[in-house]
Amino acid sequence: MVTVTRGTCVVSFAFEIGYSIDLDRCERLLTESVRQTIRPGRRAPRHFAYRPAPLRLTQEAERVAVDGHTCDGVDLVLYDFGAASVSFRLPLGGADLEDLVRLSDRLYENAELEAEAGSRIEGLLAAVGPAVVRPRLASIMEDYVVYQLERIDPAHSVTQLLETAGDVFARILRAERSALSQQELEDALSARLSVSTEDLVLIDWNAAIVVDPDPDDARLVLEFANVQLLELRWLDAELDLVLAQAYDVLARTARGRGAGLRMHARNLDRVGELQADSAVLFERVTNALKLIGDQYLSRLYRLVSERLHLGDWDAGIARKLQTLEGIYGKLVDRASARRLEALEWIVILLIGLEIVLSLFG
């Protein structure tokens, strides 16, 4: 039996709380907050960093417990592109792997933790409201669980651990108490990464297991990927609404041949504003953390990105932005045509006026 002698289960919830956040102003409002960074080292060179670094605030955990595991702290993180996350830390010391299977089942779509996370985000938003541009708490939320196994007994190599406990790890990742089929087991364990024979990261769409005596940087990358997924989902939904509005504007301009130039200008400004907001937010989200190269954290980020299908979300959003660009171009063409038509009528009227004046002296 494998026992966790030192470890932590970190349950993270990501929220959308505004268009953008002034982190410097938040830092002045939240005096106990600190900047979150990735420590440079062999796993991450010095140029690996957030741009800008998010703001982390630690709070006490009051009567938060799941399946006998009492939370010993809550971390709230603010990102400049308008996202925030809440992470509950549940100590795992003394638990065996079957205990983690039961815990994962309890954590799956846990309504109590989700409500607690939402309450803490509402309190945080009230405290930093002046530093948030267009504050709002969106209805969508994204959760992710990271099981940090810093020390296990008896000690195993990665190969031994997968041989003896691979099926249990798969059940933890999938939050399934019953045995999994061979196909499901292979799929759950397919995304994994190791640097040495003593460390292991298993990544799934709902959870990850990090077997490492120093798992913090890996967990930060996993948490950021979850926040990025939330932002991409939210931006995709917002673009659906923006495209519906843009199509409506395009249809109105096509029907309203007698519409004034001022109305066309307002419609054009509205679509241009929506397009710019969406493009800027997309750029902020995708460039907040640059992990490029062959270092450990870069490979870890690519692995979790593939598991969460971030590339597919990126491609879908890019297509919608291109569609919005095309609608904006059509509106510009129609506005230009209306102006030319108005100028032609003005020229005709002036010529007619000149003829009338010349005939009647």
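**Figure 1. Helix α2 and its buried residues.** In this predicted model, helix α2 covers residues 97-107. Its buried residues are Leu 97, Asp 99, Leu 100, Val 101, Leu 103, Ser 104 and Leu 107. An α-helix has 3.6 residues a turn, so residues three or four places apart point the same way. Look for that spacing in the list: Leu 97, Leu 100, Ser 104 and Leu 107 are among the buried residues. At the start of α2, Asp 96 comes into play. One of its side-chain oxygens lies within 3.0 Å of the backbone nitrogen of Glu 98. The other end has a feature of its own. Just after α2, Glu 109 has a positive phi of about 50 degrees.

**Figure 2. The largest cavity, with α2 in its lining.** The whole structure holds 2 cavities of 30 Å³ or more. The largest encloses about 70 Å³ of space. Which elements give two or more residues to its lining? They are α2, β11 (141-153) and α4 (158-174). Strand β11 gives the largest share, 3 residues. From helix α2 come Ser 104 and Leu 107, which line the cavity and are also buried residues of that helix. Other lining residues include Val 11, Tyr 108, Asp 143, Val 145, Tyr 147, Ile 172, Leu 173 and Ala 175. Asn 206 and Ala 207 also belong to the lining. By type, the lining has 9 nonpolar residues, 2 polar and 1 charged.

**Figure 3. Ala 175, a buried loop residue with positive phi.** Ala 175 sits in the loop between α4 and α5 (182-188). Buried or exposed? Ala 175 counts as buried, because its relative accessibility is 10% and the cut-off for buried is under 20%. Its phi is near 55 degrees, a positive value in a residue other than glycine. Most residues other than glycine have a negative phi, and most peptide bonds are trans. Ala 175 also helps to line the largest cavity.

**Figure 4. The cis peptide bond at Pro 154.** A cis bond joins Asp 153 and Pro 154. Its omega is about 0 degrees. Where does Pro 154 lie? Pro 154 is in the loop between β11 and α4. Both of these elements give residues to the lining of the largest cavity.

**Figure 5. Ser 20 in strand β2.** Strand β2 is made of residues 20-21, and Ser 20 is in it. Ser 20 is buried, because its relative accessible area is 10% and buried means under 20%. What does Ser 20 contact, leaving aside neighbours within four places in sequence? The list runs to Asp 80, Phe 81, Gly 82, Ala 131, Val 132, Val 133 and Arg 284.

**Figure 6. Arg 219 in helix α6.** Arg 219 belongs to helix α6. This residue counts as buried, because its relative accessibility is 11%, under the 20% cut-off. Leaving out residues up to four places away in sequence, Arg 219 touches Val 10, Arg 56, Val 146 and Gln 148.

**Figure 7. The largest pocket, with α6 and α7 in its lining.** About 250 Å³ of space lies in this pocket. The lining has 15 residues, and the closest to the pocket centre are Arg 134, Glu 238, Val 242, Leu 274 and Asp 277. Two or more lining residues come from each of α6 (216-255) and α7 (261-287). The lining divides into 7 nonpolar residues, 2 polar and 6 charged.

**Figure 8. His 309 and Glu 325, around helix α9.** His 309 lies in the loop between α8 (296-307) and α9. Its phi is near 60 degrees, a positive value in a residue other than glycine. His 309 counts as partly exposed, at 46% relative accessibility. Glu 325 is in helix α9 itself, which covers residues 310-359. Glu 325 is also partly exposed, with a relative accessible area of 46%. Along the chain, Glu 325 and Ala 276 are 49 residues apart. Their C-alpha atoms are separated by 9.8 Å.

**Figure 9. The whole chain, for orientation.** The chain has 9 helices and 14 strands. Of its 361 residues, 50% are buried. Among contacts between residues at least 6 apart in sequence, 77% join residues at least 24 apart. The accessible surface comes to about 17700 Å², and 53% of this belongs to carbon and sulfur atoms.

Key:
Residues are numbered from 1 along each chain as its sequence is written. This is a predicted model: local features need pLDDT of at least 70, side-chain atom pairs count only at pLDDT 80 or more; totals for chains, interfaces and linings use all residues. Side-chain values use heavy atoms; hydrogens and water are left out. Helices (H or I, at least four residues) and strands (E, at least two) are DSSP runs, numbered from the N terminus. Buried means under 20% relative accessible area, exposed over 50%, partly exposed in between (1.4 Å probe, protein chains only). Contact means heavy atoms within 4.5 Å. A polar contact is a pair of N or O atoms within 3.5 Å; within protein, one must be able to donate a hydrogen and the other to accept it, and residues adjacent in sequence count only if both atoms are side-chain atoms. On a 1 Å grid over the protein atoms alone, a cavity is a set of points where a 1.4 Å probe fits but cannot get out, and a pocket is an open set with protein on both sides within 12 Å along at least five of seven lines; lining residues have an atom within 4 Å of a point. Grid points are joined across faces, edges and corners, and a volume is the space filled by probe spheres set on the points. Ala, Val, Leu, Ile, Met, Phe, Trp, Tyr, Cys and Pro count as nonpolar, Asp, Glu, Lys and Arg as charged, and the others, Gly among them, as polar. Accessible areas come from the Shrake-Rupley method with a 1.4 Å probe; for residues, only the protein chains shown count as cover.
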